[in-house]
Amino acid sequence: MSRRMLAVVAGVVVVALGLLAAWRWGPFADDEVVPSCTELAGALPSVVEGAWTLTHAEPNRESSNSLVDCEFDFSSADRSYTGRIAVSLTQSDDESYLRRTAMEGPCYGEAVPYPSAAKYRVARSCSEKINEKIFAGVFVASADRYAHVYADFSSPGAPIEQVVAYANTSAQRITDRAMTLTSTD
């Protein structure tokens, strides 16, 4: 076998081993488990009371246990607030990846106080008013989990300050619960 052929074979082996290591020990390794959208749907009414309807879930649990994206339609228990909530979770042992993801996410509007921020390595919370809707976003990272919660709420006839407070508090509570919820998978 020529030297060139040996170099090509060695290169292919190194790349294959690198890909195997990234798959096994990288940010999306299967031994890292986040709760499923169904598990989130069961847990979230305890922190924000109301009707939660799961409208979108990805990826399939068969393809990854380390990340999940869920979308819910929401109506508060007294039906005065309605909206949509999107929850993204990633579990990884790569803390720098999680921190970077939380720092780089687009946080629109104004920064808002986040009472639980000290629990996380990175925590950002913001909200923005567009027409009669309030959009609240929260990005957090711990040593082994990242969460992004995006919520939009409206409440016809309610004072806008009240809707802003409800949206921010709800998004932050949802984030705190999602960061501590463990999967039964």
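**Exercise 1. Find out what share of the contacts in this predicted model join residues at least 24 apart, counting contacts between residues at least 6 apart in sequence.**

Step 1: Start with pairs of residues that touch, where touching means heavy atoms within 4.5 Å.
Step 2: Keep the pairs whose residues are at least 6 apart in sequence.
Step 3: Of these, 58% join residues at least 24 apart.

**Exercise 2. Work out how many helices and strands the protein has, and in which pattern they follow each other.**

Step 1: Count them up: you get four helices and seven strands.
Step 2: Now walk along the sequence, and the pattern reads α-α-β-β-β-α-β-β-β-β-α.

**Exercise 3. Decide whether strand 6 is largely enclosed or not, and why.**

Step 1: Locate strand 6, which covers residues 133–141.
Step 2: Check each residue against the cut-off for buried, under 20% relative accessible area.
Step 3: Eight of the nine residues pass, so strand 6 is largely enclosed by the rest of the structure.
Step 4: For background, buried residues make up 40% of the 185 residues in the protein.

**Exercise 4. Describe how strand 6 pairs with strand 5 and with strand 7.**

Step 1: Take strand 5 (residues 122–130): strand 6 pairs with it in the antiparallel sense, over nine bridges. If you want a spot to look at, V122 stands opposite A141 in strand 6.
Step 2: Look at the link between strands 5 and 6. They form a hairpin with two residues between them, and N131 in the turn has a positive phi of about 55 degrees.
Step 3: Move on to strand 7 (residues 145–154), which pairs with strand 6 over eight bridges, again antiparallel. Here A136 stands opposite A151 in strand 7.
Step 4: Strands 6 and 7 form a hairpin too, with three residues between them.

**Exercise 5. Classify the ring pair Y81 and Y166, and say where its two residues lie.**

Step 1: Rings pair if their centres lie within 6.5 Å, and the count in this protein comes to seven aromatic pairs.
Step 2: The ring centres of Y81 and Y166 are 3.8 Å apart and their planes are at 5 degrees, so this pair is stacked.
Step 3: Trace the chain: Y81 is in the loop between strand 2 (67–76) and strand 3 (82–91), while Y166 belongs to helix 4 (residues 160–180). That puts them 85 residues apart, so to speak in distant parts of the chain.
Step 4: Both Y81 and Y166 are buried.
Step 5: Zoom out, and ring pairs link W52, F72, F74, Y81, F153 and Y166 into a cluster.

Note on methods
Residues numbered from 1 in each chain as written. Predicted model: local features only at pLDDT ≥ 70, side-chain atom pairs only at ≥ 80, totals over all residues. Heavy atoms only, no water. Buried < 20%, exposed > 50% of the residue type's maximum accessible area, 1.4 Å probe, protein only. Pairing = 2+ DSSP bridges. Phe/Tyr/Trp six-rings, centres within 6.5 Å; stacked < 30°, edge-to-face > 60°.
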